[in-house]
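Q: Please take a close look at the contact between chain B and chain A, and describe what each side brings to it.

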Amino acid sequence: MTKSLYTEDARTKRRNAAERRFKAYGAIAIGIAMVALVILLTSVVSQGIGAFRQTYITIDVPLPEAKLDKSGTRDMAVMSKVTTIGYAPLLRDGLVNAIAEAGIQTDLSDKEIGDLISKEAPATVRDRVLANPDLIGGTDRFTLLADGRIDGYFKGRVTMASAALDKNTSPGKLELADKLRDAGIMNVKFNWAFLTAPDASDQRPEAAGLGVAILGSLYMMIVVLVLALPIGVAASIYLEEFAPKNRWTDVIEVNIANLAAVPSIVYGILGLAIFINFMQFNQSSPLVGGMVLALMTLPTIIISTRAALKAVPPSIRDAALGVGASKMQSVFHHVLPLAAPGILTGTIIGLAQALGETAPLLLIGMVAFVRDYPEAYSSATGLFGDPSTALPVQIYNWTQRADPAFVERAQGAIITLLVFLLVMNTVAIILRRRFERRW
Amino acid sequence: MSFMKLATSALAISAATVTIASAQSRDNVQVAGSSTVLPYASIVAEAFGENFDFPTPVVESGGSSAGLKRFCEGVGENTVDIANASRPIKDSEREACAAAGVTDIMEVRIGYDGIVFASQFDGPEFTAFTQDQWYKALAAELPVDGAMVANPNKTWADVDPSLPAEDIMAFIPGTKHGTREVFEVNVIEAGCESSGAMEEIMAITSDEDATTEACMAIRTDGASVDIDGDYTETLARIDANPNGVGVFGLAFYENNTDKLKVATMGGVEPSTETISTGEYPVSRPLFFYVKKAHIGVIPGLKEFTEFFVSDDMAGPDGPLAEYGLVSDPELAATQTAVADEATM
């Protein structure tokens with residue numbers, strides 16, 4: 001009694017069914033993960049994409065000498081006495097004139113018309129006037145930010161119904177904004193300022209940008225790279241190639257693996273105690289932030305570097321030693337170059353982790369309102385000593401603001417951070433693909 | 001050996017960094033403290049940076065207590081110059097300050113902040129509350145016939161038939177917030193007293209401290225939820241719970257009038273006017289504290305302090321009032337005190 005292998009008996013059927021079930025579980029798990037990712041990205045992108053477009057008003061602003069330079073001699077000391085509060089009425093006059101010229105009918109008072117212009121705009125005008133005093137006495141064409149509520153209207157965040165309930169704007173203002181847009185005075189453009197401008201206070205969400213945060217994150221990444229890469233690689237080479245295998249190196253190994261899992265806020269506490277209170281570095285500075293993040297990244301780099309060194313076959317070392325190379329020559333001439341792609345990948349992943357880290361920065365004063373661009377070096381504050389913020393911190397900061405327009409900004413900042421992380425991880429994968437060797 | 005060279009030079013650079021940085025100093029004013037004062041401080045800092053030749057001050061948040069703690073760490077360039085606070089400095093904090101050498105402190109009152117009770121715009125008719133009602137709705141235990149019993153009220157209508165028959169769901173600030181203290185004293189304790197519950201509890205416990213404590217104990221059975229985050233979190237919870245009532249700052253409410261509807265307290269509508277006259281019962285002064293020893297050392301500190309309380313900023317028509325600050329009727333006295341650098 002022979003049975004064909006092609007006819008399934010009950011036991012085979014059960015085994016095959018179990019396999020099919022397992023495959024289905026796997027597919028469902030991936031499906032759930034993909035759905036979660038799609039929901040997350042859709043919500044972030046749909047809410048945040050608006051931050052990359054911004055409403056601007058283009059008007060001729062009168063710059064009367066009587067208001068802006070009482071001395072009449074273009075004396076900088078006298079001219080800078082006129083604050084942005086003094087400039088605001090001029091902008092309003094400019095917009096009222098533009099409305100009259102375009103023949104637009106409106107019931108709004110001049111003060112209400114002035115509310116269509118951002119509170120950031122007087123500073124734009126003042127800066128240009130102080131830089132070019134010759135402009136005083138004439139008029140000049142300015143492209144100014146529109147108020148955040150008007151901007152929200154063009155992006156669909158503010159509606160006529162919500163404006164009627166909102167004490168910061170009114171349906172009349174939105175109707176005027178529509179007419180101004182038709183007349184070409186107001187338009188929506190790509191918002192480069194979102195990536196370059198500094199943060200702005202709660203009254204000017206339309207002016208807030210990521211400039212300072214991106215610069216701060218960049219400085220911190222430089223500090224992390226300069227500190228963590230050489231120290232991490234040197235430590236791994238010693239541990240992997242030179243150190244004797246004994247109780248001590250075992251203890252060190254266990255500790256490094258442990259450190260990789262320490263909550264990041266602990267590094268912040270350490271940074272506050274050692275770098276700020278003991279070593280007297282400046283608070284809120286990218287230098288301290290970078291040093292804290294370097295400590296946090298070190299275990300990641302050490303672990304991945306050791307794995308990369310381990311992956312180099314011993315025959316390479318033996319061959320080098322066999323032709324008379326010293327131990328150090330064999331490591332630096334042969335093993336390290338072969339392990340470099342793995343080390344780079346580990347470093348980039350460590351940097352990406354550090355880039356998205358918020359918790360340790362809370363304690364060293366980087367969760368702050370910073371308007372001035374930090375300088376890489378200045379004689380007063382030293383290298384990377386100027387106060388700054390960082391990308392993830394800026395997101396955290398904006399989600400706490402009262403004005404709903406900051407929700408859009410925060411989501412826009414998340415998009416920016418995700419793009420940076422995506423680029424870094426892509427570079428890591430490309431490096432690995434191109435240079436990795438298999439034995 | 002190029003890698004060795006690279007590694008050595010990198011180590012040399014990091015060593016140099018440490019030496020350079022140890023001689024660090026700063027030229028910007030550094031502010032830390034209350035998250036309630038933060039928006040005002042950042043509005044002033046922004047205008048200050050625009051109009052003066054000094055760098056824009058750096059403003060951190062983190063809460064009144066955390067800010068004052070850092071303020072009291074000592075005198076020197078790596079300590080903050082100004083601490084924002086939504087409550088007056090405590091004696092214990094002044095002692096901590098003095099122990100660290102921070103002795104000359106200038107206290108500056110910038111204005112008042114109202115605390116409002118608001119619910120979802122399209123939600124039930126929560127439009128009028130009294131302190132009595134809040135006490136009866138949120139107290140952990142109520143005195144009934146000479147004994148303390150766990151709060152039996154499940155809906156607002158149980159508390160007072162004039163209120164909607166909706167489950168009690170209150171979102172109040174967590175204990176780390178300065179707002180919580182004002183809420184407990186001006187609403188819960190006041191309600192305890194005015195409803196007559198305080199006398200009844202006094203009769204039961206016959207101990208004054210225990211009575212105050214019993215008055216201010218908030219129920220923990222889920223009807224009251226502590227919010228440790230910011231008002232944005234309270235707003236999100238209100239969005240998700242149509243029958244929820246949240247505690248907000250006046251400024252936050254005024255920026256979200258299209259989503260929230262505010263309730264009167266004891267028949268008084270919260271507004272900058274009713275708060276400045278003292279009619280609206282739940283308000284508190286906002287302060288910042290300045291280290292006098294830093295004036296003249298940190299460039300722009302005195303100018304920033306004066307600019308903060310100037311009529312252009314903190315006055316009734318200034319940007320702070322526009323944002324929701326109730327301006328101080330005695331601002332002129334504050335301006336003089338700041339100009340004279342009067343300490344506490």
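A: A polar contact is a pair of N or O atoms within 3.5 Å, where, within protein, one must be able to donate a hydrogen and the other to accept it, and where residues adjacent in sequence count only if both atoms are side-chain atoms. In this predicted model, local features need pLDDT of at least 70 and side-chain atom pairs count only at pLDDT 80 or more, whereas totals for chains, interfaces and linings use all residues. Side-chain values use heavy atoms, with hydrogens and water left out, residues are numbered from 1 along each chain as its sequence is written, and chains are lettered from A and ligands numbered from 1 in the order in which they are written.

Between chain B and chain A there are 26 residue pairs in polar contact, both at pLDDT 80 or more. On the side of chain B that touches chain A, the elements giving two or more residues (helices, H or I, of at least four residues and strands, E, of at least two, being DSSP runs numbered from the N terminus) are α1 (2-21), α2 (38-51), β2 (58-60), α11 (250-254), α14 (311-314) and α15 (319-323) of chain B. Of these, α1(B) gives the most, with eleven residues.

The contact, meaning heavy atoms within 4.5 Å, takes 53 residues from chain B and 58 residues from chain A. Six salt bridges, each a side-chain nitrogen of Lys or Arg within 4 Å of a carboxyl oxygen of Asp or Glu, are counted between the two chains, and one of them joins the side chains of E46(B) and R204(A) at 3.0 Å, N to O.
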